[in-house]
Amino acid sequence: PPQRLMRFAVPVYTVGIALLVAVAMFGLVKKGARRWLNIGVVIQPSEIMKIALPLMLAWYFQNKDGKITWREYLKAFIILAIPAALIMKQPDLGTAILVAATGFYVIFLAGLAWKAILIMFGCFAASLPLIWMLLHDYQRHRVLMLIDPSSDPLGKGFHIIQSVIAIGSGGITGKGWMQGTQGYLNFIPERTTDFIFAVFGEEFGLVGNIVLLILYLLLIARGFVITLRASTVFSRLLAGAITMMFF
């Protein structure tokens, strides 16, 4: 029930922040990043914030009872910025962006004016040169390879090119379950996580990809129906943010 979820909001957010601080102090380092924590089992606390942050912000706006001024929005952005900054420091730019986005969805659904959004977007666009300078080398490489992977086909662009080959080799109907070669011959890394769509595309082809995307769209549409029918501010903001996260 939403009332029970509301009671979890502050404790879950607080524990999530504490775990992120613990990661910064004595987290495990893998592949040059400090993102994991060993508490008997190895966990990645940044994943908790994908739910904890929208939960916390939905609780925050519910308690404002419709009386939302620019001060409330400013405080909400501070609640958002703390975990995003801690995750970015690990460094984990992708997760930091996703966590920040889930928080922003709540703030947007709470009624943030379009004028304010346009001003923020303009400030972000103007600061891109500075942001680019502050990025780690591997982050810059990811952006450049996304634009043109063929510029380094045997190096930084290799995995993107292999994923395109995998999807293309699946053709219309795919090679069949567990019959893909790109994934199982290790041309594609992280085939159960980052590159899972390429593996799926090779095995199930264009038909499988279309079915998968339709299923996602139905899930998202159902999420928006739940959002529109929500009886409380908390339920509407939380359902809307989670739906947008899937989107």
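Me: Before the hairpins, what counts as a strand, and when do two pair?
Reply: Strands are DSSP runs of E with at least two residues, and helices are runs of H or I with at least four, numbered from the N terminus. Two strands pair if DSSP finds at least two bridges between them.

Me: What kind of model is this?
Reply: It is a predicted model: local features need pLDDT of at least 70, side-chain atom pairs count only at pLDDT 80 or more, and totals for chains, interfaces and linings use all residues. Residues are numbered from 1 along each chain as its sequence is written, and side-chain values use heavy atoms, with hydrogens and water left out.

Me: OK, strand 2 and strand 3. How many residues sit between them?
Reply: Three, in a hairpin. Gly40 in the turn has a positive phi of about 100°. The pairing is antiparallel, over two bridges. Asn38 stands opposite Val42 in strand 3.

Me: And strand 1 with strand 2, how many bridges?
Reply: Three, also antiparallel. Leu28 has Trp36 as its bridge partner. Two residues separate the strands in this hairpin, and Lys31 in the turn has a positive phi of about 55°.

Me: Switching topic. How many residues are in the largest nonpolar core?
Reply: 31, with Tyr13, Met49 and Phe61 among those with the most contacts inside it. Such a core joins buried Ala, Val, Leu, Ile, Met, Phe, Trp, Tyr and Cys through side-chain atoms within 4.5 Å. Buried means under 20% relative accessible area (1.4 Å probe, protein chains only).

Me: Which helix gives the largest share?
Reply: Helix 2, with nine residues.

Me: What does Phe61 touch?
Reply: Its contacts (heavy atoms within 4.5 Å) include Ile68, Tyr73, Ile107 and Leu237, not counting residues up to four places away in sequence.

How values were computed: Buried < 20%, exposed > 50% of the residue type's maximum accessible area, 1.4 Å probe, protein only.
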